[in-house]
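Visitor: I've got a chain here that I'd like to walk through with you. Could you take my questions one by one?

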Amino acid sequence: MTDPFVVVGGDAAGLSAASKLKREAPSRDVVVFEKGRWVSYAHCGTPYFVKGSVETLTDLLSLSPEEIDERGIDLRREAELTAIQPEERLVTVADADGSTYEQPYRELLVATGGRASTAPIPGTDADGVFTMHGLDSAAAVRAFLSDPETFTVESLGGEGFVDEATVSRYGSMEPPERVAVVGGGYVGVEMAEAFSAWDLDVHLFQRGDRLLSPFGEAVSERVAPHLEENGVTLHLGAAVERLRESDGRVASVVCADGTELDTDAALVGIGIRPNVELVEGTGVELGASGAIAVDEYGRTSVDGVYAAGDCAEMPHTVTGESVWVPLGLTANRAGRAIGQTVAGDPTPVGSVAGTAVVKAFDLECGRAGFVDPEAARDAGFDPVSETITAGSRSGYYPGNAETTVTLVADRDSGRLLGGSIVGADRAAIRIDTVATALEGGLTVEAVERLDLGYAPPFSPVWDPVLVAAKVLDGSSSE
């Protein structure tokens with residue numbers, strides 16, 4: 001094997017790039033290093049595995065190692081890159097047995113992803129405290145929730161991948177009755193629903209006064225009472241200072257104001273950080289976010305080295321400025337583009353509008369672009385915003401539900417800057433209209449004229465997004 005395309009990280013960005021290159025240039029050698037055992041899995045599905053909506057861990061795998069091998073990709077699991085030597089175009093690899101060796105490369109893709117953050121909360125190393133980042137985390141949580149008299153490691157699926165020692169230990173413990181969820185973002189809201197499915201006493205702690213703050217005030221105002229209606233106790237404006245343990249196991253949540261709540265388990269979902277330690281000292285530059293800076297083709301500041309996925313920045317659709325928005329589609333799309341570029345067809349990785357959707361029991365939430373007018377103002381725009389509520393279908397058709405839409409535009413140019421949506425009837429998918437409009441640089445007036453589909457079972461004559469655009473167009477012209 002001579003000067004292959006080497007990929008660090010065997011998930012979304014890494015395997016998308018590897019697969020695309022092998023399709024476009026079958027003669028190229030491709031080596032993928034993954035320091036863990038899991039590869040090509042659906043991280044976003046982990047809360048639903050914990051909930052029980054997804055039966056086994058194996059259901060979350062996109063590609064098995066055997067399928068990757070069939071594509072002609074040299075996959076090496078439990079192999080961690082410890083150093084990059086850009087001048088020599090070599091990487092140092094440490095195998096599970098402790099041995100090391102050097103691997104040459106012609107091009108290198110750093111797709112090391114991100115990791116869950118628990119700082120600055122002490123006590124997160126106690127038994128019964130979890131993050132939701134990776135399939136082993138999900139497996140440990142579900143094992144802990146299971147009846148120890150009937151639990152088996154085999155019931156989780158993922159034979160040959162799963163951390164059997166950890167899940168066996170949690171599977172033998174008495175299940176929790178109360179769980180504290182720390183953080184009111186995507187993970188916190190999704191996991192509150194997952195724990196509720198197990199009839200636990202669920203308490204959600206949020207430092208600020210709003211849940212899902214990136215989705216805006218209108219979404220939070222509907223999601224918070226909906227969670228309470230479904231039995232989740234909210235502690236808003238409650239900054240968790242530490243997790244107190246007893247005999248090595250989490251015992252309570254202690255807030256900055258001195259209040260304390262006893263708990264049997266805790267899930268910390270306060271964000272992630274990019275894994276960039278591998279490129280330290282290599283000359284690969286980091287962006288203002290702390291993630292790896294790349295150009296429009298995913299190239300770093302070092303020749304022959306690319307980066308993509310949760311460890312890398314991307315240009316923002318609205319501003320063009322580099323931002324760090326770690327999302328699944330972003331990683332897959334960037335990896336695929338890099339694979340095509342390495343194959344000889346330069347392909348931009350694209351931009352990111354931060355388009356995201358999340359489920360909160362029966363509510364669906366979506367966001368794209370700028371939702372917070374203050375953030376839009378900081379980016380140099382003169383924002384104007386409107387929020388409306390309209391029906392999801394014709395009023396006489398069964399299933400019609402209130403759908404709340406917020407749109408933000410630039411007063412001077414009329415350009416749409418972003419928006420959010422919340423509702424119980426196919427609300428989240430409507431955010432794709434907003435995301436498409438952002439990609440096309442459309443004005444609010446142009447969005448108002450979009451010829452969207454109409455039939456009573458699917459939408460009223462005026463889709464909620466069109467209603468919001470009409471109202472916003474009127475107010476922005478005043």
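Visitor: How many positive and negative side chains does the chain have, and how far apart do the centres of the two sets lie?
Guide: Keep in mind that this is a predicted model. The chain carries 36 positive side chains and 76 negative ones. Take the centre of each set, and the distance between the two centres comes to 4 Å.

Visitor: How many helices and strands are there in the chain?
Guide: Both kinds of element turn up here. The count for the chain is 12 helices and 25 strands.

Visitor: What is the radius of gyration, set against the globule rule?
Guide: For 478 residues the globule rule gives 23 Å, and the chain comes out close to that, so it is as compact as a globular protein of that length. Along its principal axes, the C-alpha trace spans about 65 × 55 × 40 Å. The radius of gyration itself is 23 Å.

Visitor: What percentage of the residues count as buried?
Guide: Start with the outside: the accessible surface is about 20,300 Å², and carbon and sulfur atoms own 46% of that. As for residues that count as buried, out of 478 the share is 53%.

Visitor: Is Thr 92 buried or exposed?
Guide: Thr 92 sits in strand β5, which runs over residues 90-95. Beyond its neighbours within four places in sequence, its contacts include Glu 80, Leu 81, Thr 100 and Tyr 101. Its relative accessible area is 17%, and the cut-off is under 20%, so Thr 92 is buried.

Visitor: Which residues does the cis peptide bond with omega of about 5° join?
Guide: Most peptide bonds are trans, so a cis one is worth a look. One partner, Pro 120, lies in the loop between β8 (114-116) and β9 (129-130). The bond joins Ala 119 and Pro 120.

Visitor: What is phi of Glu 78?
Guide: Most residues other than glycine have a negative phi. Glu 78 is in the loop between β3 (74-77) and β4 (79-85), and is partly exposed, with a relative accessible area of 37%. Its phi is positive, near 50°.

Visitor: And Asp 199: buried or exposed?
Guide: Asp 199 has its place in the loop between α6 (186-196) and β11 (201-206). Its phi is positive too, about 60°, although it is not a glycine. With the cut-off at over 50%, a relative accessible area of 72% makes Asp 199 exposed.

Notes:
Residues numbered from 1 in each chain as written. Predicted model: local features only at pLDDT ≥ 70, side-chain atom pairs only at ≥ 80, totals over all residues. Heavy atoms only, no water. Helix = DSSP H or I, 4+ residues; strand = E, 2+ residues; numbered from the N terminus. Rg over C-alpha atoms; globule rule 2.2 N^0.38 Å. Buried < 20%, exposed > 50% of the residue type's maximum accessible area, 1.4 Å probe, protein only. Areas by Shrake-Rupley, 256 points an atom, 1.4 Å probe, with all protein chains shown as cover. Lys, Arg positive; Asp, Glu negative; His and termini not counted. Charge placed at Lys NZ, Arg CZ, Asp CG, Glu CD. Contact = heavy atoms within 4.5 Å.
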